[in-house]
Amino acid sequence: MSALFNFNSFLTVVLLVICTCTFLKMQFPTFLEQKTGFRGFFWKAARIGERLSPWVAAGCFTMGVSIIFF
């Protein structure tokens, strides 16, 4: 089943994209400079990860616990 049809998998994929884009922006800042087009989506995900980092971290922790135990 695709991650688009399973809500828990969809949330996991979204959190992983946000965390990955934020990490890439910290390591390679020039990679996500473009704010439009295809890279613009990843720039926005990195911006969410930067500004809402405590909430993203809590979401990652919660999803990790739910995947391991449920």
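**Reading a three-helix model**

User: Let me start with one residue: where is the place of W43?

Analyst: W43 has its place in helix α2. Helices here are DSSP runs of H or I with at least four residues, strands are runs of E with at least two, and both are numbered from the N terminus. Before we go on, please note that this is a predicted model, in which local features need pLDDT of at least 70, side-chain atom pairs count only at pLDDT 80 or more, and totals for chains, interfaces and linings use all residues. Residues are numbered from 1 along each chain as its sequence is written, and side-chain values use heavy atoms, with hydrogens and water left out.

User: Thanks! How many helices and strands does the protein have?

Analyst: The protein has three helices and zero strands. Going along the sequence, you can read the pattern as α-α-α. The C-alpha trace spans about 40 × 25 × 15 Å along its principal axes.

User: Back to W43: is this residue buried or exposed?

Analyst: We use relative accessible area with a 1.4 Å probe, protein chains only: under 20% is buried, over 50% is exposed, and in between is partly exposed. W43 has a relative accessible area of 15%, so W43 is buried. Of the 70 residues of the protein, 21% count as buried.

User: Which residues are in contact with W43?

Analyst: A contact means heavy atoms within 4.5 Å. If we leave aside neighbours within four places in sequence, W43 is in contact with K25, L32, Q34 and K35. Take L32 as an example: the two residues are 11 residues apart in sequence, and their C-alpha atoms are 5.5 Å apart in space.

User: K25 is on that list. What is K25 in contact with?

Analyst: K25 lies in helix α1. With neighbours within four places again set aside, K25 is in contact with L32, W43, A46, R47 and E50. K25 is a buried residue too, because its relative accessible area is 16%.

User: How do I describe the way two helices pack?

Analyst: Two packed helices are described by the angle between their axes and the distance between the axes. Each axis is a line fitted to C-alpha atoms, for helices over the stretch in contact, and angles run from 0 to 180 degrees between N-to-C directions. In this model, helix α1 (residues 7–27) and helix α2 (residues 38–51) have axes that come within 7 Å and cross at roughly 90 degrees. That makes α1 roughly perpendicular to α2. For the wording, under 35 degrees is roughly parallel, over 145 roughly antiparallel, 65 to 115 roughly perpendicular, and the rest oblique. On the α1 side, the contact is made by V17, I18, C21, T22, K25 and M26. On the α2 side, you will find F41, F42, W43, A45, A46, R47, I48, G49 and E50.

User: Which residues make up the largest nonpolar core?

Analyst: A nonpolar core is a set of buried Ala, Val, Leu, Ile, Met, Phe, Trp, Tyr and Cys residues joined through side-chain atoms within 4.5 Å. The largest one here has eight residues: L15, I18, C21, L32, A45, A46, V56 and M63. Each of α1, α2 and α3 (53–69) supplies at least two of them. The largest share, three residues, comes from α1.

User: Could we look at some core residues one by one?

Analyst: Gladly! I18, in helix α1, counts as buried because its relative accessibility is 11%. Not counting residues up to four places away, I18 touches A45, I48, G49 and V56. L15, which also has its place in helix α1, counts as buried at 16% relative accessibility. Beyond its neighbours within four places, L15 is in contact with V56, G59, C60 and M63. A46, with the same neighbours left aside, is in contact with C21, T22, K25 and L32.

User: How far apart along the chain are L15 and G59?

Analyst: L15 and G59 are 44 residues apart along the chain, while their C-alpha atoms are separated by 7.4 Å. For I18 and E50, the chain separation is 32 residues and the C-alpha separation is 9.2 Å. Across the protein, residues 24 or more positions apart account for 52% of the contacts with a separation of 6 or more.
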